[in-house]
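These are my notebook entries on a structure that I looked through one topic at a time. I wrote down each question before I looked up its answer.

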Amino acid sequence: MNLMSAELTEKQFKKISRLVYHLCGINLKDGKQALVRARLMKRLRALKLGSFEAYLNHIESNRDPQELGFLIDVITTNKTSFFREPEHFNYLRDDILPNLTSRRLRFWTAACSSGEEPFSLGIMLREKMPDIISRDVKILATDISKRMLEKARQAIYGEEELRDLSPLLLQKYFIRIQEQPTRAYQVKKISGTWFGWPG
Ligand SMILES: C[S@@+](CC[C@H](N)C(=O)[O-])C[C@H]1O[C@@H](n2cnc3c(N)ncnc32)[C@H](O)[C@@H]1O
């Protein structure tokens, strides 16, 4: 089966866009047609389907929640890193945290991708909240992509993904679990902080 020539027509792209918007609120702009085609190719290959028409028929006739989950997995952009958007973390650290006097604190990272954001938050809270142990602090982390949530739950990151963390934070909050072929680390328990993942 030669999938390279499978064409995603404008009409098919619009159908997929509507479905994706309905499923997770992601607005696939017109310029994204080539990107969507490239990403959906993975699903055509996995399902051994020869065209996007066959793929649309497949999801329309089956409405299989697992396939809809795979569709979301390939469509979502999961770019993340530790302490990404530093100005947000700085704002939280300097303007929000000093005013949080309640013992019971709840945080929610609503689109956590592979977990770097909730773990960055946990590390920051542990570092900047001296009385965290005596408080009741929970972080809920959710994401529409099951694949990303699974990675977040495992809390394992390669050396490259940890390159922006200082050696001190790496040593304090991660344990090296693999040396070869590349180094990998797992997040240690961050005392005073409880992480909740859906499912
Ligand atoms: C670009 S990543 C950002 C991750 C993280 N918040 C950060 O800033 O580093 C966007 C994430 O949003 C998730 N997402 C998109 N739509 C969502 C929805 N409706 N509900 C939950 N998560 C969603 C995607 O799966 C993806 O992992």
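What share of the 199 residues in the protein chain is buried? I am working with a predicted model, and in it I found that buried residues make up 40% of the chain's 199 residues.

**Entry 1: the chain as a whole**

I looked up the secondary structure next, and the protein chain has 8 helices and 6 strands. Reading along the sequence, I noted the pattern α-α-α-α-α-β-α-β-α-β-α-β-β-β. For the overall extent, I found that the C-alpha trace spans about 60 × 40 × 30 Å along its principal axes. The accessible surface of the protein chain comes to about 11,900 Å², and carbon and sulfur atoms account for 53% of this. I also checked how contacts are spread along the sequence: of those between residues at least 6 apart, 69% join residues at least 24 apart.

**Entry 2: an arginine in a helix**

Is arginine 43 buried or exposed? I located arginine 43 in helix α2, which covers residues 33–47, and its relative accessible area is 12%. Buried means under 20%, so I recorded arginine 43 as buried. When I left aside the neighbours within four places in sequence, I found arginine 43 in contact with Tyr55, Glu67, Phe70 and Val74.

**Entry 3: aromatic rings**

How many aromatic pairs does a search of the whole structure find? The search gives 7 aromatic pairs, and I followed up two that involve phenylalanine 82. With tyrosine 157, phenylalanine 82 forms an edge-to-face pair, at 5.1 Å centre to centre and with 80° between the planes. Phenylalanine 82 lies in the loop between α4 (65–75) and α5 (86–96), while tyrosine 157 is in strand β3 (residues 156–158), so this pair ties together parts that are 75 residues apart in sequence. I then looked up how covered these residues are: phenylalanine 82 counts as buried at 4% relative accessibility, and tyrosine 157 is buried with a relative accessible area of 0%.

Why is the pair of phenylalanine 82 and phenylalanine 174 edge-to-face? The ring centres are 5.6 Å apart and the planes stand at 85°, and planes over 60 degrees apart count as edge-to-face, so I entered the pair under that heading. This pair also links distant parts of the chain, with phenylalanine 82 in the loop between α4 and α5 and phenylalanine 174 in strand β4 (residues 174–178), 92 residues apart. Phenylalanine 174 is buried, with a relative accessible area of 4%.

I finished this entry with the wider set of rings, in which ring pairs link Phe82, Phe119, Tyr157, Phe174, Phe195 and Trp197 into a cluster. As a separate item on rings, I noted that lysine 138 lies over the face of tryptophan 194, at 4.9 Å from the ring centre.

**Entry 4: around the ligand**

Which of the 15 residues around the ligand come nearest? I listed Cys24, Thr80, Arg84, Ala111 and Asp143, and then looked up polar contacts for three of them. A polar backbone atom of cysteine 24 is 2.8 Å from a nitrogen atom of the ligand. From the side chain of arginine 84, a polar atom lies 2.6 Å from an oxygen atom of the ligand. For aspartate 143, an N or O atom in the side chain is 2.6 Å from an oxygen atom of the ligand. I also noted that the ligand exposes 600 Å² when taken alone, and that the protein buries 76% of that.

**Entry 5: backbone exceptions**

Before this last search I reminded myself that most residues other than glycine have a negative phi, and that most peptide bonds are trans. I found that the peptide bond from glutamine 180 to proline 181 is cis, with omega near -5°, and that proline 181 is in the loop between β4 and β5 (184–187).

Where does lysine 48, which has a positive phi near 55°, lie in the chain? I found lysine 48 in the loop between α2 and α3 (52–62), and this residue is exposed, with a relative accessible area of 65%. Serine 113 has a positive phi near 50° and lies in the loop between β1 (104–109) and α6 (116–128). Whereas lysine 48 is exposed, I recorded serine 113 as buried, with a relative accessible area of 5%.

How values were computed:
Residues numbered from 1 in each chain as written. Predicted model: local features only at pLDDT ≥ 70, side-chain atom pairs only at ≥ 80, totals over all residues. Heavy atoms only, no water. Helix = DSSP H or I, 4+ residues; strand = E, 2+ residues; numbered from the N terminus. Buried < 20%, exposed > 50% of the residue type's maximum accessible area, 1.4 Å probe, protein only. Contact = heavy atoms within 4.5 Å. Phe/Tyr/Trp six-rings, centres within 6.5 Å; stacked < 30°, edge-to-face > 60°. Lys NZ or Arg CZ within 6 Å of the ring centre and 35° of its normal. Near = heavy atom within 4 Å. Polar contact = N/O pair within 3.5 Å; in protein donor to acceptor, adjacent residues only side chain to side chain. Areas by Shrake-Rupley, 256 points an atom, 1.4 Å probe, with all protein chains shown as cover.
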